[in-house]
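I opened this entry to look up how two helices pack against each other, and then to follow one residue and its surroundings.

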Amino acid sequence: MTGPFRYTDPLPPGAATGVTADVYAQLATDFGIEGASAFVVLSASPPLLTGAWALVRESLLAGRTSRTDKQVVAAGVSLANRCPFCVDAHTVLLHATGDHRLAEVIARGEVPADPGHAALLAWAKGTRTGEAGEPPFPAAHAPEFIGTALAFHFINRVVSSLLTETMLPGNVQRYRLVRSLAGRSLSRTVRRELAPGASLGLLETSGPEPAWAAGAPAGTAYAALRAAARQGAGLLSEEDRAYVRDAVAASGGGHPALTGDWLPARDERPGARLALLAALAPYRLTDEDVAAWRGPHHTDHCLVHLVAYGAITATERVEAALATDKEPV
């Protein structure tokens with residue numbers, strides 16, 4: 001396929017079969033975007049695709065809390081992670097909710113006038129560095145808000161690693177009118193009420209549910225995504241896995257310096273370098289980084305899983321930091 005894919009060549013959605021086709025069908029109905037590239041790029045691994053889609057559906061799209069509020073969280077996380085593609089996408093989706101002024105305020109990096117939205121945005125941005133503080137939502141809503149935040153900590157990293165920054169052809173989403181019109185085209189889908197749990201039957205992996213969402217659909221989905229993404233560890237030696245884990249833990253969630261010894265050399269530890277870039281600075285991943293690691297035995301499936309391993313390692317660091325914060329109000 002042509003388009004936004006940098007290092008993989010996924011099949012067109014129309015050629016998909018099995019569970020991949022089932023995900024695309026549900027994606028078109030519930031998300032309103034057929035063949036959304038942020039999910040298509042994961043199609044080389046159905047367990048990753050189903051886990052990522054289920055977590056987004058069960059946290060951001062379905063549930064009892066405001067879609068606008070959760071879009072604010074998704075946008076805040078994407079801003080903190082410096083993912084232009086995702087910031088543009090969430091700006092469009094905020095337009096779809098009807099909150100046009102809010103969409104543009106957040107896109108410009110400004111603080112919303114509404115105190116509730118401002119608090120959610122600040123919390124979401126702070127999740128990257130562990131400085132989110134007290135969650136500005138009731139404990140009963142934690143599965144949806146925390147699930148949304150963790151979903152996009154993972155997806156931002158995959159997108160920044162494996163897609164270009166251009167969401168629409170010609171980069172036309174940089175125009176406010178285009179963003180508004182694109183959002184309006186999705187407004188009917190965004191305002192639909194979705195039954196929770198409809199994506200769980202698609203999952204191909206499972207694991208222990210997190211305490212913040214035990215018994216909730218978002219918890220089941222997160223456990224499945226985490227299990228699928230951790231499979232990428234098998235592409236690294238134990239020494240390299242430890243290197244990546246230790247470097248992510250020591251990072252504090254900040255954006256690393258352009259120079260320094262935090263990143264191993266391409267000719268020494270190409271796999272660890274690629275996974276660490278995906279975790280901490282995916283927007284700096286280059287053709288040379290991929291080429292240094294990828295040999296003839298490394299398929300798209302392998303590359304997607306190695307990036308996913310880096311992404312989930314960083315996401316789990318965020319999750320651990322949230323678990324030490326105060327209980328939601």
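I looked first at helix H1 (residues 18–30) and helix H3 (residues 46–61), whose axes come within 10 Å and cross at roughly 20°; helices here are DSSP runs of H or I with at least four residues, numbered from the N terminus, and axes are lines fitted to C-alpha atoms over the stretch in contact, with angles from 0 to 180 degrees between N-to-C directions. That makes H1 roughly parallel to H3, a label for angles under 35 degrees. I noted that the contact (heavy atoms within 4.5 Å) is made by residues including Val19, Tyr24 and Leu27 of H1 and Leu49, Trp53 and Arg57 of H3.

The model is predicted, so local features need pLDDT of at least 70 and side-chain atom pairs count only at pLDDT 80 or more, while totals for chains, interfaces and linings use all residues. Residues are numbered from 1 along each chain as its sequence is written, and side-chain values use heavy atoms, with hydrogens and water left out.

I then turned to Thr315, which sits in helix H15 (residues 300–323) and counts as buried because its relative accessibility is 0%; buried means under 20% relative accessible area with a 1.4 Å probe, protein chains only. H15 is mostly covered, with 20 of its 24 residues buried.

Leaving out residues up to four places away in sequence, I found that Thr315 touches Leu150, His153, Phe154 and Tyr222. On the same terms, Phe154 touches Thr315 and also, among others, Leu42, Leu48, Ala308 and Ile312.

How values were computed: Helices (H or I, at least four residues) and strands (E, at least two) are DSSP runs, numbered from the N terminus. Buried means under 20% relative accessible area, exposed over 50%, partly exposed in between (1.4 Å probe, protein chains only). Angles under 35 degrees count as roughly parallel, over 145 as roughly antiparallel, 65 to 115 as roughly perpendicular and the rest as oblique.
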